[in-house]
Amino acid sequence: MIISGRMRERVTVQRPVDKQSTFGEATLEWETLATVWAQVRNLTARDLFAAQQAGTLATHRILIRFFVGLTPQCRFIWRGRIMEITSIIEAEDRREHEVFAKEKVA
């Protein structure tokens with residue numbers, strides 16, 4: 001259960017959109033779906049080990065209220081940092097998402 005007081009961070013949810021440039025080339029752009037309140041935490045050593053055992057590389061755990069349309073292809077923007085989703089768990093009878101993400105290094 002998420003305690004709303006712990007959701008202190010604002011994250012922007014974006015999804016990829018294929019567009020065509022003026023030269024007819026396919027380009028990937030990001031469309032903002034929403035800006036939501038979240039709880040963002042670095043993974044502890046135990047969480048990191050569990051994520052590696054599941055075959056994913058994650059650096060952060062993000063909790064948000066259930067969001068229709070959230071897929072692993074989406075990404076979060078948090079404090080100007082890009083967080084790529086590695087896995088999504090629907091928890092608490094579809095009331096919240098527990099998302100494991102890795103920070104994209106530019």
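## Salt bridges in close-up

The structure holds four salt bridges. The legends below visit three of these bridges, after a look at the whole chain. Please keep in mind that this is a predicted model.

**View 1. The whole protein, with one helix and six strands.** Welcome to the overview. Starting at the N terminus, the elements follow the order β-β-α-β-β-β-β. The protein has 106 residues, and 33% of them are buried. Its accessible surface is about 7,100 Å², and carbon and sulfur atoms account for 49% of that area. Looking at contacts between residues at least 6 apart in sequence, 51% join residues at least 24 apart.

**View 2. Arg79 and Glu9 form a salt bridge.** Here the closest N and O atoms are 2.7 Å apart. Arg79 sits in the loop between β4 (75-78) and β5 (81-91), while Glu9 belongs to strand β1 (residues 9-20), so this salt bridge ties together parts that are 70 residues apart in sequence. How accessible is each partner, Arg79 and Glu9? Arg79 is exposed, with a relative accessibility of 58%. Glu9 is buried, at 19% relative accessible area; the cut-off for buried is under 20%.

**View 3. Glu31 reaches Arg15 in a salt bridge.** The closest N and O atoms of this pair lie 2.6 Å apart. Both residues are in strands: Glu31 in β2 (residues 26-42) and Arg15 in β1, so the pair ties together parts 16 residues apart in sequence. As for their surroundings, Glu31 is partly exposed, with a relative accessible area of 32%. Arg15 is partly exposed too, with a value of 38%.

**View 4. Glu98 and Arg61 meet through their side chains in a salt bridge.** The N to O distance is 2.7 Å. Which strands does this pair link? Glu98 is found in strand β6 (residues 96-103) and Arg61 in strand β3 (residues 60-65), distant parts of the chain with the two residues 37 apart. Glu98 is buried, having a relative accessible area of 18%. Arg61, by contrast, counts as partly exposed at 25% relative accessibility.

Technical notes
Residues numbered from 1 in each chain as written. Predicted model: local features only at pLDDT ≥ 70, side-chain atom pairs only at ≥ 80, totals over all residues. Heavy atoms only, no water. Helix = DSSP H or I, 4+ residues; strand = E, 2+ residues; numbered from the N terminus. Buried < 20%, exposed > 50% of the residue type's maximum accessible area, 1.4 Å probe, protein only. Contact = heavy atoms within 4.5 Å. Areas by Shrake-Rupley, 256 points an atom, 1.4 Å probe, with all protein chains shown as cover.
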